[in-house]
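Trainee: Could you take me through one part of this model closely, the sheet and what packs on it? I would like the cut-offs spelled out as you go.

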Amino acid sequence: MAKWTYSDKVKDHFMNPRNILREDNEADFHGIGQTGNIKCGDEMIVYIKVDPADLTITECKWRTYGCASAIASTSILSEMVIGMTLDQAYAITAKDILKELGGLPDNKVHCSVLGDKALRAAIDDYYGKNGMEDRIKTQSA
Ligand code: FES
Ligand code: FES
């Protein structure tokens, strides 16, 4: 039987999403990654600021056309990555996000991969813009 309920944490992050990019200041960010969800056609863009001294993420913003689950997943992801190194952030999986959210309804699990995919694209974008092309992994967006 499919699970239909949303956890309180999912509801909280959907109703009060953290770190949405509201201003038109994309140029202030060091890495930008965009991806689409093949299952539903929704889009996600993630913007990161990076401290070049230790390659840690200092800011993570995002925008999406995605659904409630995608919004909650990316909202929580944008909080999780602050202070992480680019390597640590790159390694975050949909499973990690689901754990943090307290799960998602079964038919909404695919929505949780949108934010982390866009984040990896943003990290690769940062590497590309900063002469670290050798660190770019193949993007499966
Ligand atoms: Fe409309 Fe996901 S595309 S709910
Ligand atoms: Fe499209 Fe959830 S249905 S991201």
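Mentor: Happily! The sheet is open, with 3 strands in the order β1-β2-β3 and antiparallel pairing; strands pair if DSSP finds at least two bridges between them. β1 (31–36) and β3 (56–64) are the edge strands, each having a single partner, so one side of each has no neighbour in the sheet. Ignoring direction, neighbouring strands are turned by 20° against each other on average. Angles here run from 0 to 180 degrees between N-to-C directions, and axes are lines fitted to C-alpha atoms, for helices over the stretch in contact.

Before going further, a word on what you are viewing: this is a predicted model, in which local features need pLDDT of at least 70, side-chain atom pairs count only at pLDDT 80 or more, and totals for chains, interfaces and linings use all residues. Residues are numbered from 1 along each chain as its sequence is written, while chains are lettered from A and ligands numbered from 1 in the order in which they are written.

Now to the pairing itself. β1 and β2 (residues 43–51) are joined in the antiparallel sense over 6 bridges. Across this pair, Ile 32 stands opposite Tyr 47, and Gly 36 stands opposite Glu 43. The hairpin of β1 and β2 has 6 residues between the strands, and Gly 41 takes a positive phi near 80° there.

What lies on the sheet? Helix α2 packs on it, touching β2 and β3, and the direction of α2 makes about 165° with that of β3. Helix α5 also packs on the sheet, touching β1, β2 and β3, with its direction at about 140° to that of β1. A contact means that the C-beta atoms of two residues, placed from the backbone, lie within 7 Å. In a regular strand the side chains alternate between the two faces of the sheet. In β1, the covered face has Gly 31, Gly 33 and Thr 35, and the uncovered face has Ile 32, Gln 34 and Gly 36.

The two helices meet each other as well. α2 (residues 68–80) and α5 (residues 113–129) pack at about 45°, with their axes 7 Å apart. They are therefore oblique to each other, given that angles under 35 degrees count as roughly parallel, over 145 as roughly antiparallel, 65 to 115 as roughly perpendicular and the rest as oblique. From α2 the contact uses Ala 70, Ser 73, Thr 74 and Leu 77, and from α5 it uses Leu 114, Gly 115, Asp 116 and Leu 119. By class that is 4 nonpolar, 3 polar and 1 charged residues; Ala, Val, Leu, Ile, Met, Phe, Trp, Tyr, Cys and Pro count as nonpolar, Asp, Glu, Lys and Arg as charged, and the others, Gly among them, as polar.

Met 80 also belongs to α2. Met 80 is buried, with 20 other C-beta atoms within 10 Å; buried means 20 or more such atoms within that distance, exposed 12 or fewer, and partly exposed in between, with C-beta atoms placed from the backbone. Leaving out residues up to four places away in sequence, Met 80 touches Ile 92 and Glu 100.

Finally, the setting. The elements run α-β-β-β-α-α-α-α from the N terminus on, where helices (H or I, at least four residues) and strands (E, at least two) are DSSP runs numbered from the N terminus. Buried residues make up 38% of the 141 residues in the chain.
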